[in-house]
Amino acid sequence: MKCPICKADINMQMNRCGHCGQPIHVYKKVIRISNMLYNIGLERAKVRDLSGAVSALNKSLKYYKSNIHARNLLGLVYYEMGETVHALTEWILSKNICPEENDANYYIDMIQSNPAKLDSVNQTIKKYNSALASCRQGSDDLAIIQLKKVVSINPNFIKAQQLLALLYMNIGERALALKCLNAIKAIDINNTTTIRYYRELGVSPTVDVREKRTLSGSNNNTPPRKVFSGDSGVEVKSVGSYQDEKPRTFPLINVMIGVIIGLFVGIVLISPTIDSNDSDEMVNEIAEYGEKLASKESEINSLKYDKDNLAKQVEELEKQLKEAGEDNTLPKAEVYATIIGAYKKYVDGDVASALAALNGIDMSVVDNDTVKEVVSVIMSQDSEVASADIFEKGRVAYNSGKYEEALEYLEEALALNKNNYDALYFLGRLYHKQGDKAKAEDYYRKVINDFPDSDRAREAKQRLGELGVSVDSE
(Lines give C-alpha, C1' and ligand atoms only; values in the text may rest on other atoms or scores of the structure.)
Protein backbone atom coordinates (compact mmCIF):
# COMPACT_ATOMS: atom_id res chain seq x y z
CA MET A 1 0.00 0.00 0.00
CA LYS A 2 1.29 3.46 -0.94
CA CYS A 3 1.06 6.65 1.11
CA PRO A 4 -1.34 9.09 -0.61
CA ILE A 5 1.05 11.98 0.08
CA CYS A 6 4.59 10.78 -0.61
CA LYS A 7 3.75 7.50 -2.45
CA ALA A 8 6.08 5.55 -0.14
CA ASP A 9 5.22 2.04 1.12
CA ILE A 10 3.27 2.21 4.37
CA ASN A 11 2.39 -0.22 7.13
CA MET A 12 -1.38 -0.45 7.49
CA GLN A 13 -0.95 -1.31 11.19
CA MET A 14 0.39 2.21 11.85
CA ASN A 15 -1.53 5.47 11.96
CA ARG A 16 1.22 7.57 10.37
CA CYS A 17 3.42 7.22 7.31
CA GLY A 18 6.93 6.20 8.28
CA HIS A 19 8.41 8.32 5.48
CA CYS A 20 6.63 11.68 5.60
CA GLY A 21 4.89 11.38 8.98
CA GLN A 22 1.44 12.24 7.64
CA PRO A 23 -1.57 10.69 9.49
CA ILE A 24 -3.19 7.92 7.47
CA HIS A 25 -6.07 6.80 9.69
CA VAL A 26 -8.63 8.47 7.39
CA TYR A 27 -6.95 6.87 4.36
CA LYS A 28 -7.18 3.45 6.03
CA LYS A 29 -10.87 3.99 6.79
CA VAL A 30 -11.58 4.95 3.16
CA ILE A 31 -9.89 1.74 1.94
CA ARG A 32 -11.88 -0.37 4.41
CA ILE A 33 -15.16 1.17 3.20
CA SER A 34 -14.15 0.57 -0.42
CA ASN A 35 -13.36 -3.09 0.30
CA MET A 36 -16.65 -3.51 2.20
CA LEU A 37 -18.61 -2.15 -0.78
CA TYR A 38 -16.61 -4.44 -3.09
CA ASN A 39 -17.67 -7.46 -0.99
CA ILE A 40 -21.30 -6.31 -1.16
CA GLY A 41 -21.05 -6.00 -4.94
CA LEU A 42 -19.46 -9.46 -5.16
CA GLU A 43 -22.28 -11.05 -3.14
CA ARG A 44 -24.90 -9.35 -5.30
CA ALA A 45 -23.18 -10.45 -8.49
CA LYS A 46 -23.15 -14.07 -7.26
CA VAL A 47 -26.97 -14.07 -6.97
CA ARG A 48 -27.32 -12.23 -10.34
CA ASP A 49 -28.41 -8.94 -8.80
CA LEU A 50 -26.31 -7.18 -11.42
CA SER A 51 -27.90 -3.73 -11.05
CA GLY A 52 -27.25 -3.80 -7.31
CA ALA A 53 -23.69 -4.99 -7.93
CA VAL A 54 -23.03 -2.07 -10.32
CA SER A 55 -24.31 0.41 -7.72
CA ALA A 56 -22.16 -1.03 -4.91
CA LEU A 57 -19.01 -1.30 -7.06
CA ASN A 58 -19.33 2.26 -8.37
CA LYS A 59 -19.57 3.48 -4.77
CA SER A 60 -16.51 1.40 -3.90
CA LEU A 61 -14.54 3.11 -6.68
CA LYS A 62 -15.72 6.55 -5.56
CA TYR A 63 -14.06 5.92 -2.22
CA TYR A 64 -10.87 4.38 -3.65
CA LYS A 65 -10.40 4.58 -7.42
CA SER A 66 -7.32 2.29 -7.33
CA ASN A 67 -9.33 -0.70 -6.06
CA ILE A 68 -8.55 -2.86 -9.09
CA HIS A 69 -10.52 -5.83 -7.77
CA ALA A 70 -13.70 -3.73 -7.67
CA ARG A 71 -12.93 -2.24 -11.09
CA ASN A 72 -12.30 -5.65 -12.69
CA LEU A 73 -15.51 -7.06 -11.18
CA LEU A 74 -17.45 -4.02 -12.40
CA GLY A 75 -16.15 -4.73 -15.90
CA LEU A 76 -17.29 -8.35 -15.67
CA VAL A 77 -20.77 -7.26 -14.51
CA TYR A 78 -21.03 -4.77 -17.38
CA TYR A 79 -19.92 -7.50 -19.80
CA GLU A 80 -22.62 -9.85 -18.48
CA MET A 81 -25.22 -7.09 -18.98
CA GLY A 82 -24.15 -6.70 -22.62
CA GLU A 83 -22.33 -3.40 -21.99
CA THR A 84 -19.03 -4.46 -23.61
CA VAL A 85 -17.78 -0.89 -24.15
CA HIS A 86 -18.25 -0.02 -20.46
CA ALA A 87 -16.54 -3.29 -19.51
CA LEU A 88 -13.49 -2.54 -21.69
CA THR A 89 -13.32 0.99 -20.24
CA GLU A 90 -13.12 -0.33 -16.67
CA TRP A 91 -10.52 -2.98 -17.59
CA ILE A 92 -8.31 -0.48 -19.44
CA LEU A 93 -8.43 1.88 -16.44
CA SER A 94 -7.53 -1.04 -14.18
CA LYS A 95 -4.62 -1.97 -16.44
CA ASN A 96 -3.28 1.60 -16.37
CA ILE A 97 -3.46 1.66 -12.57
CA CYS A 98 -1.78 -1.73 -12.13
CA PRO A 99 -0.08 -3.00 -15.33
CA GLU A 100 1.48 -6.11 -13.78
CA GLU A 101 -0.31 -9.26 -12.54
CA ASN A 102 -3.74 -7.86 -13.30
CA ASP A 103 -6.67 -10.01 -14.45
CA ALA A 104 -7.78 -7.10 -16.63
CA ASN A 105 -4.99 -7.99 -19.08
CA TYR A 106 -6.60 -11.38 -19.67
CA TYR A 107 -10.09 -9.90 -20.10
CA ILE A 108 -8.87 -7.31 -22.61
CA ASP A 109 -6.92 -9.90 -24.61
CA MET A 110 -9.96 -12.18 -24.61
CA ILE A 111 -12.04 -9.46 -26.31
CA GLN A 112 -9.40 -8.02 -28.63
CA SER A 113 -8.19 -11.42 -29.85
CA ASN A 114 -11.62 -12.16 -31.29
CA PRO A 115 -12.27 -9.79 -34.24
CA ALA A 116 -15.66 -11.38 -34.89
CA LYS A 117 -16.73 -10.57 -31.34
CA LEU A 118 -15.59 -6.97 -31.67
CA ASP A 119 -17.44 -6.65 -34.98
CA SER A 120 -20.64 -8.00 -33.43
CA VAL A 121 -20.29 -5.51 -30.56
CA ASN A 122 -19.95 -2.66 -33.04
CA GLN A 123 -22.96 -3.88 -35.01
CA THR A 124 -25.16 -4.14 -31.91
CA ILE A 125 -24.23 -0.62 -30.79
CA LYS A 126 -24.92 0.84 -34.24
CA LYS A 127 -28.25 -0.97 -34.55
CA TYR A 128 -29.26 0.01 -31.01
CA ASN A 129 -28.49 3.68 -31.70
CA SER A 130 -30.36 3.43 -34.98
CA ALA A 131 -33.34 1.96 -33.12
CA LEU A 132 -33.25 4.86 -30.65
CA ALA A 133 -33.28 7.31 -33.57
CA SER A 134 -36.25 5.47 -35.09
CA CYS A 135 -38.11 5.69 -31.76
CA ARG A 136 -37.54 9.44 -31.60
CA GLN A 137 -38.93 9.76 -35.14
CA GLY A 138 -42.02 7.71 -34.24
CA SER A 139 -41.08 4.65 -36.34
CA ASP A 140 -41.84 2.02 -33.67
CA ASP A 141 -42.20 -0.85 -36.15
CA LEU A 142 -38.80 -0.19 -37.66
CA ALA A 143 -37.25 0.14 -34.19
CA ILE A 144 -38.72 -3.24 -33.21
CA ILE A 145 -37.16 -4.89 -36.28
CA GLN A 146 -33.75 -3.41 -35.46
CA LEU A 147 -33.94 -4.30 -31.76
CA LYS A 148 -34.89 -7.89 -32.58
CA LYS A 149 -31.66 -8.14 -34.56
CA VAL A 150 -29.71 -6.62 -31.66
CA VAL A 151 -31.03 -9.11 -29.08
CA SER A 152 -30.51 -12.00 -31.50
CA ILE A 153 -26.81 -11.03 -31.74
CA ASN A 154 -26.41 -10.13 -28.05
CA PRO A 155 -29.22 -11.62 -25.92
CA ASN A 156 -27.65 -10.22 -22.73
CA PHE A 157 -27.95 -6.60 -23.90
CA ILE A 158 -30.36 -5.53 -21.16
CA LYS A 159 -30.98 -2.00 -22.46
CA ALA A 160 -32.01 -3.35 -25.87
CA GLN A 161 -34.31 -5.94 -24.26
CA GLN A 162 -35.92 -3.24 -22.10
CA LEU A 163 -36.47 -0.89 -25.05
CA LEU A 164 -37.95 -3.75 -27.07
CA ALA A 165 -40.30 -4.64 -24.19
CA LEU A 166 -41.34 -0.99 -23.91
CA LEU A 167 -42.15 -0.84 -27.61
CA TYR A 168 -44.16 -4.06 -27.38
CA MET A 169 -46.09 -2.56 -24.44
CA ASN A 170 -46.71 0.57 -26.51
CA ILE A 171 -48.31 -1.38 -29.37
CA GLY A 172 -50.26 -3.69 -27.04
CA GLU A 173 -48.20 -6.88 -27.54
CA ARG A 174 -48.38 -7.95 -23.88
CA ALA A 175 -47.14 -11.52 -24.37
CA LEU A 176 -44.06 -10.44 -26.34
CA ALA A 177 -43.26 -7.75 -23.77
CA LEU A 178 -43.44 -10.34 -20.97
CA LYS A 179 -41.12 -12.61 -22.94
CA CYS A 180 -38.50 -9.83 -23.11
CA LEU A 181 -38.91 -9.03 -19.42
CA ASN A 182 -38.50 -12.71 -18.48
CA ALA A 183 -35.28 -12.82 -20.52
CA ILE A 184 -33.97 -9.79 -18.60
CA LYS A 185 -35.01 -11.33 -15.29
CA ALA A 186 -32.88 -14.38 -16.05
CA ILE A 187 -29.85 -12.06 -16.45
CA ASP A 188 -30.53 -9.44 -13.76
CA ILE A 189 -33.10 -10.45 -11.16
CA ASN A 190 -33.40 -7.08 -9.44
CA ASN A 191 -33.35 -4.57 -12.29
CA THR A 192 -35.58 -1.69 -11.17
CA THR A 193 -36.64 -0.73 -14.69
CA THR A 194 -37.70 -4.31 -15.43
CA ILE A 195 -39.67 -4.48 -12.18
CA ARG A 196 -41.44 -1.23 -13.08
CA TYR A 197 -42.40 -2.64 -16.49
CA TYR A 198 -43.78 -5.78 -14.81
CA ARG A 199 -45.98 -3.62 -12.60
CA GLU A 200 -47.17 -1.62 -15.60
CA LEU A 201 -48.33 -4.93 -17.10
CA GLY A 202 -50.03 -5.91 -13.83
CA VAL A 203 -47.72 -8.88 -13.26
CA SER A 204 -45.83 -9.56 -10.06
CA PRO A 205 -42.10 -9.73 -10.85
CA THR A 206 -41.61 -12.43 -8.19
CA VAL A 207 -43.86 -14.98 -10.01
CA ASP A 208 -42.85 -16.61 -13.27
CA VAL A 209 -45.42 -15.77 -15.96
CA ARG A 210 -45.43 -19.33 -17.30
CA GLU A 211 -46.13 -20.62 -13.82
CA LYS A 212 -48.93 -18.09 -13.43
CA ARG A 213 -50.47 -19.14 -16.74
CA THR A 214 -50.26 -22.77 -15.72
CA LEU A 215 -51.97 -22.05 -12.43
CA SER A 216 -54.72 -20.02 -14.08
CA GLY A 217 -55.23 -22.68 -16.75
CA SER A 218 -55.53 -25.51 -14.23
CA ASN A 219 -59.17 -24.70 -13.35
CA ASN A 220 -61.10 -27.84 -14.04
CA ASN A 221 -64.88 -27.95 -13.78
CA THR A 222 -64.86 -31.75 -13.51
CA PRO A 223 -66.27 -32.70 -10.10
CA PRO A 224 -64.01 -34.73 -7.81
CA ARG A 225 -64.26 -38.47 -8.09
CA LYS A 226 -66.04 -40.13 -5.20
CA VAL A 227 -64.12 -42.43 -2.92
CA PHE A 228 -65.80 -44.98 -0.61
CA SER A 229 -64.62 -47.85 1.51
CA GLY A 230 -65.87 -51.39 1.36
CA ASP A 231 -66.11 -53.92 4.17
CA SER A 232 -62.45 -54.86 3.71
CA GLY A 233 -61.34 -51.24 4.30
CA VAL A 234 -59.88 -50.85 0.80
CA GLU A 235 -60.80 -47.55 -0.86
CA VAL A 236 -62.44 -47.85 -4.28
CA LYS A 237 -62.92 -44.91 -6.67
CA SER A 238 -66.15 -44.57 -8.64
CA VAL A 239 -65.53 -44.51 -12.40
CA GLY A 240 -69.08 -43.77 -13.54
CA SER A 241 -72.09 -45.80 -14.52
CA TYR A 242 -71.89 -48.80 -16.88
CA GLN A 243 -73.90 -48.87 -20.06
CA ASP A 244 -74.14 -51.64 -22.64
CA GLU A 245 -72.87 -50.68 -26.07
CA LYS A 246 -75.70 -50.56 -28.57
CA PRO A 247 -75.21 -52.38 -31.86
CA ARG A 248 -74.32 -50.03 -34.74
CA THR A 249 -76.68 -49.78 -37.71
CA PHE A 250 -75.63 -49.39 -41.27
CA PRO A 251 -71.83 -49.82 -40.68
CA LEU A 252 -71.21 -50.02 -44.43
CA ILE A 253 -72.95 -46.66 -44.96
CA ASN A 254 -70.80 -45.05 -42.26
CA VAL A 255 -67.61 -46.35 -43.91
CA MET A 256 -68.66 -45.01 -47.31
CA ILE A 257 -69.45 -41.59 -45.86
CA GLY A 258 -66.00 -41.50 -44.22
CA VAL A 259 -64.29 -42.34 -47.54
CA ILE A 260 -66.22 -39.61 -49.36
CA ILE A 261 -65.33 -37.02 -46.70
CA GLY A 262 -61.67 -38.05 -46.90
CA LEU A 263 -61.58 -37.60 -50.67
CA PHE A 264 -63.26 -34.23 -50.36
CA VAL A 265 -60.67 -33.04 -47.80
CA GLY A 266 -57.86 -34.27 -50.04
CA ILE A 267 -59.15 -32.43 -53.09
CA VAL A 268 -60.31 -29.19 -51.46
CA LEU A 269 -57.72 -28.64 -48.76
CA ILE A 270 -54.50 -30.52 -49.46
CA SER A 271 -54.11 -29.61 -53.13
CA PRO A 272 -54.34 -25.82 -52.63
CA THR A 273 -51.81 -26.10 -49.79
CA ILE A 274 -49.31 -27.78 -52.08
CA ASP A 275 -49.90 -25.20 -54.78
CA SER A 276 -49.34 -22.35 -52.30
CA ASN A 277 -45.73 -23.31 -51.45
CA ASP A 278 -44.41 -21.12 -54.25
CA SER A 279 -46.59 -18.24 -53.04
CA ASP A 280 -45.24 -18.59 -49.47
CA GLU A 281 -41.67 -18.42 -50.74
CA MET A 282 -42.53 -15.29 -52.69
CA VAL A 283 -44.14 -13.71 -49.61
CA ASN A 284 -41.02 -14.46 -47.55
CA GLU A 285 -38.81 -12.85 -50.17
CA ILE A 286 -41.04 -9.78 -50.26
CA ALA A 287 -40.90 -9.52 -46.45
CA GLU A 288 -37.10 -9.82 -46.51
CA TYR A 289 -36.76 -7.10 -49.12
CA GLY A 290 -39.19 -4.93 -47.14
CA GLU A 291 -37.06 -5.33 -44.05
CA LYS A 292 -33.91 -4.36 -45.95
CA LEU A 293 -35.73 -1.36 -47.43
CA ALA A 294 -36.89 -0.26 -43.97
CA SER A 295 -33.34 -0.56 -42.61
CA LYS A 296 -31.97 1.56 -45.46
CA GLU A 297 -34.71 4.12 -44.90
CA SER A 298 -33.76 4.33 -41.22
CA GLU A 299 -30.10 4.86 -42.10
CA ILE A 300 -31.05 7.60 -44.56
CA ASN A 301 -33.21 9.34 -41.94
CA SER A 302 -30.41 9.08 -39.37
CA LEU A 303 -27.86 10.53 -41.80
CA LYS A 304 -30.27 13.32 -42.68
CA TYR A 305 -30.71 14.09 -38.95
CA ASP A 306 -26.91 14.18 -38.46
CA LYS A 307 -26.52 16.37 -41.54
CA ASP A 308 -29.03 18.90 -40.19
CA ASN A 309 -27.23 19.05 -36.84
CA LEU A 310 -23.85 19.47 -38.51
CA ALA A 311 -25.23 22.23 -40.70
CA LYS A 312 -26.42 24.10 -37.60
CA GLN A 313 -23.06 23.67 -35.90
CA VAL A 314 -21.19 24.87 -38.99
CA GLU A 315 -23.46 27.90 -39.20
CA GLU A 316 -22.80 28.75 -35.54
CA LEU A 317 -19.03 28.35 -35.96
CA GLU A 318 -19.04 30.54 -39.07
CA LYS A 319 -20.93 33.18 -37.13
CA GLN A 320 -18.40 33.10 -34.30
CA LEU A 321 -15.52 33.23 -36.78
CA LYS A 322 -17.03 36.26 -38.47
CA GLU A 323 -17.47 38.00 -35.11
CA ALA A 324 -13.88 37.20 -34.17
CA GLY A 325 -12.70 38.64 -37.52
CA GLU A 326 -14.58 41.88 -36.91
CA ASP A 327 -13.02 42.37 -33.46
CA ASN A 328 -9.27 41.81 -33.51
CA THR A 329 -8.45 43.64 -30.30
CA LEU A 330 -5.51 42.06 -28.50
CA PRO A 331 -7.13 41.55 -25.04
CA LYS A 332 -10.14 39.77 -26.49
CA ALA A 333 -8.00 37.52 -28.71
CA GLU A 334 -5.80 36.61 -25.75
CA VAL A 335 -8.82 35.83 -23.55
CA TYR A 336 -10.38 33.62 -26.23
CA ALA A 337 -7.07 31.82 -26.78
CA THR A 338 -6.78 31.25 -23.02
CA ILE A 339 -10.32 29.86 -22.83
CA ILE A 340 -9.69 27.51 -25.78
CA GLY A 341 -6.51 26.23 -24.16
CA ALA A 342 -8.30 25.72 -20.83
CA TYR A 343 -11.15 23.88 -22.55
CA LYS A 344 -8.71 21.49 -24.25
CA LYS A 345 -7.14 20.72 -20.86
CA TYR A 346 -10.59 20.21 -19.35
CA VAL A 347 -11.59 17.78 -22.11
CA ASP A 348 -8.32 15.87 -21.60
CA GLY A 349 -9.23 15.43 -17.92
CA ASP A 350 -6.73 17.96 -16.54
CA VAL A 351 -9.33 19.98 -14.60
CA ALA A 352 -6.74 21.53 -12.30
CA SER A 353 -4.71 23.03 -15.15
CA ALA A 354 -7.92 24.27 -16.81
CA LEU A 355 -8.95 26.10 -13.64
CA ALA A 356 -5.46 27.53 -13.25
CA ALA A 357 -5.50 28.79 -16.84
CA LEU A 358 -8.82 30.60 -16.32
CA ASN A 359 -7.77 32.13 -13.02
CA GLY A 360 -7.92 35.92 -13.28
CA ILE A 361 -9.07 36.23 -16.92
CA ASP A 362 -11.15 39.28 -17.88
CA MET A 363 -14.64 37.94 -18.72
CA SER A 364 -15.95 41.41 -19.57
CA VAL A 365 -14.57 41.10 -23.13
CA VAL A 366 -16.40 37.80 -23.72
CA ASP A 367 -19.72 38.38 -25.48
CA ASN A 368 -20.46 34.91 -26.90
CA ASP A 369 -22.99 32.83 -24.92
CA THR A 370 -21.40 29.51 -25.91
CA VAL A 371 -17.97 30.62 -24.68
CA LYS A 372 -19.49 31.93 -21.45
CA GLU A 373 -21.17 28.57 -20.91
CA VAL A 374 -17.86 26.74 -21.43
CA VAL A 375 -16.14 28.99 -18.87
CA SER A 376 -19.03 28.49 -16.43
CA VAL A 377 -18.78 24.69 -16.69
CA ILE A 378 -15.02 24.74 -16.04
CA MET A 379 -15.23 27.25 -13.18
CA SER A 380 -17.95 25.17 -11.48
CA GLN A 381 -15.33 22.55 -10.60
CA ASP A 382 -13.98 22.35 -7.05
CA SER A 383 -10.99 24.72 -6.87
CA GLU A 384 -9.74 23.20 -3.61
CA VAL A 385 -9.57 19.74 -5.16
CA ALA A 386 -7.86 21.16 -8.25
CA SER A 387 -5.39 23.05 -6.06
CA ALA A 388 -4.55 19.82 -4.20
CA ASP A 389 -3.98 18.01 -7.52
CA ILE A 390 -1.62 20.72 -8.82
CA PHE A 391 0.21 20.81 -5.47
CA GLU A 392 0.81 17.06 -5.75
CA LYS A 393 2.44 17.62 -9.17
CA GLY A 394 4.60 20.34 -7.68
CA ARG A 395 5.65 18.14 -4.76
CA VAL A 396 6.65 15.33 -7.13
CA ALA A 397 8.63 17.79 -9.27
CA TYR A 398 10.36 19.16 -6.14
CA ASN A 399 11.34 15.66 -4.96
CA SER A 400 12.70 14.99 -8.48
CA GLY A 401 14.91 18.10 -8.36
CA LYS A 402 12.90 19.94 -11.07
CA TYR A 403 12.70 23.19 -9.11
CA GLU A 404 11.53 25.51 -11.92
CA GLU A 405 8.68 23.17 -12.82
CA ALA A 406 7.82 22.74 -9.13
CA LEU A 407 7.71 26.55 -8.68
CA GLU A 408 5.12 26.89 -11.47
CA TYR A 409 2.92 24.14 -10.05
CA LEU A 410 3.08 25.43 -6.48
CA GLU A 411 2.24 29.00 -7.51
CA GLU A 412 -0.73 27.73 -9.56
CA ALA A 413 -1.96 25.68 -6.59
CA LEU A 414 -1.73 28.74 -4.31
CA ALA A 415 -3.55 30.89 -6.88
CA LEU A 416 -6.47 28.43 -6.94
CA ASN A 417 -6.65 28.13 -3.15
CA LYS A 418 -5.06 30.76 -0.92
CA ASN A 419 -5.52 28.44 2.07
CA ASN A 420 -3.38 25.65 0.65
CA TYR A 421 -0.77 25.72 3.41
CA ASP A 422 0.98 22.70 1.88
CA ALA A 423 1.80 24.82 -1.18
CA LEU A 424 2.98 27.69 1.05
CA TYR A 425 5.25 25.38 3.02
CA PHE A 426 6.79 23.78 -0.06
CA LEU A 427 7.39 27.18 -1.62
CA GLY A 428 9.41 27.95 1.50
CA ARG A 429 11.24 24.65 1.13
CA LEU A 430 11.93 25.43 -2.54
CA TYR A 431 13.48 28.82 -1.83
CA HIS A 432 15.28 27.34 1.16
CA LYS A 433 16.82 24.71 -1.11
CA GLN A 434 17.84 27.37 -3.64
CA GLY A 435 19.50 29.52 -0.94
CA ASP A 436 16.98 32.39 -1.00
CA LYS A 437 16.63 32.66 2.80
CA ALA A 438 14.50 35.82 2.75
CA LYS A 439 11.72 34.34 0.61
CA ALA A 440 11.95 31.02 2.43
CA GLU A 441 11.52 32.80 5.79
CA ASP A 442 8.59 34.78 4.39
CA TYR A 443 6.69 31.65 3.33
CA TYR A 444 7.52 29.77 6.54
CA ARG A 445 6.14 32.67 8.61
CA LYS A 446 2.94 32.77 6.52
CA VAL A 447 2.36 29.11 7.36
CA ILE A 448 3.06 29.72 11.08
CA ASN A 449 0.95 32.89 11.36
CA ASP A 450 -2.02 31.98 9.13
CA PHE A 451 -2.26 28.25 9.93
CA PRO A 452 -0.84 27.85 13.46
CA ASP A 453 -2.79 24.63 14.20
CA SER A 454 -1.59 22.72 11.11
CA ASP A 455 1.19 20.14 11.03
CA ARG A 456 3.00 22.31 8.49
CA ALA A 457 3.31 25.11 11.08
CA ARG A 458 5.36 22.83 13.33
CA GLU A 459 7.56 21.81 10.39
CA ALA A 460 7.96 25.48 9.34
CA LYS A 461 9.25 26.34 12.82
CA GLN A 462 11.87 23.61 12.49
CA ARG A 463 12.92 24.97 9.09
CA LEU A 464 13.28 28.50 10.52
CA GLY A 465 15.56 27.00 13.14
CA GLU A 466 17.67 25.51 10.36
CA LEU A 467 17.93 28.99 8.84
CA GLY A 468 19.16 30.30 12.18
CA VAL A 469 16.10 32.52 12.57
CA SER A 470 14.18 32.79 15.80
CA VAL A 471 10.51 31.95 15.42
CA ASP A 472 9.39 34.91 17.50
CA SER A 473 11.61 37.48 15.77
CA GLU A 474 10.16 39.76 13.12
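Which side chain of opposite charge is nearest to the buried Asp140, and how far away is it? Keep that in mind as you go through these views of a predicted model.

**View 1. Asp140, a buried charge without a partner.** The answer to the opening question is Arg136, at 11 Å, and Asp140 has no salt bridge. You can find Asp140 in helix H7, which covers residues 140-153. Once neighbours within four places in sequence are set aside, Asp140 is in contact with Cys135, Leu167 and Asn170.

**View 2. The whole protein, before zooming in further.** Here you can count 21 helices and two strands. The protein has 474 residues, and 31% of them are buried. Look at contacts between residues at least 6 apart in sequence: 47% of these join residues at least 24 apart. The accessible surface comes to about 30900 Å², and carbon and sulfur atoms account for 54% of that surface.

**View 3. The largest nonpolar core, with 44 residues.** The members that touch the most others are Leu57, Val77, Trp91, Leu147, Ala160, Leu164 and Leu181. Helix H8 (residues 158-170) gives the most to this core, with seven residues. A second, separate core holds 29 residues, including Leu355, Ile390, Ala413 and Ala457. Now zoom in on Leu57: not counting residues up to four places away in sequence, Leu57 touches Tyr38, Gly41, Ala70, Leu73, Leu74 and Val77.

**View 4. Helix H8 and the helices packed around its buried residues.** The buried residues of H8 include Ile158, Ala160, Leu163, Leu164 and Leu167, but also Gln161 and Gln162. Their packing partners are helices H6 (115-136), H7, H9 (174-187) and H10 (192-200). Here is a small check to try: at 1.5 Å a residue, the 13 residues of H8 should span 18 Å, and the C-alpha atoms at its ends are indeed 18 Å apart. After H8 comes Gly172, with a positive phi near 85 degrees.

**View 5. Glu43 and Lys46, a salt bridge within one helix.** The structure holds nine salt bridges, and in this one the side chains of Glu43 and Lys46 meet at 4.0 Å, N to O. Both residues belong to helix H1 (residues 25-46), and because they are three residues apart, about one helical turn separates them. Residues three or four places apart in an α-helix point the same way, because the helix has 3.6 residues a turn. Glu43 is partly exposed at 48% relative accessible area, while Lys46 is exposed at 58%.

**View 6. Arg48 and Glu80, a salt bridge linking distant parts of the chain.** The side chains meet at 2.7 Å, N to O. Arg48 sits in the loop between H1 and helix H2 (50-63), whereas Glu80 lies in helix H3 (residues 68-80), 32 residues apart. Arg48 is partly exposed, with 29% relative accessibility, and Glu80 is partly exposed too, with 27%.

**View 7. Arg445 and Glu441, a salt bridge in helix H20.** These side chains meet at 3.1 Å, N to O. The two residues are four apart in H20 (residues 437-450), about one turn of the helix. Arg445 counts as buried because its relative accessibility is 11%, under the 20% cut-off. Glu441, at 22%, counts as partly exposed. Elsewhere, Asp422, Arg456 and Glu459 are linked in a network of salt bridges.

**View 8. Ala354 in helix H15.** Helix H15 runs over residues 351-358. Ala354 is buried, and its relative accessible area is 0%. Lys344 is ten residues away along the chain, and its C-alpha atom is 8.0 Å from that of Ala354.

Key. Residues numbered from 1 in each chain as written. Predicted model: local features only at pLDDT ≥ 70, side-chain atom pairs only at ≥ 80, totals over all residues. Heavy atoms only, no water. Buried < 20%, exposed > 50% of the residue type's maximum accessible area, 1.4 Å probe, protein only. Lys, Arg positive; Asp, Glu negative; His and termini not counted. Contact = heavy atoms within 4.5 Å. Core = buried A, V, L, I, M, F, W, Y, C linked by side-chain atoms within 4.5 Å. Expected span 1.5 Å × (residues − 1). Areas by Shrake-Rupley, 256 points an atom, 1.4 Å probe, with all protein chains shown as cover.
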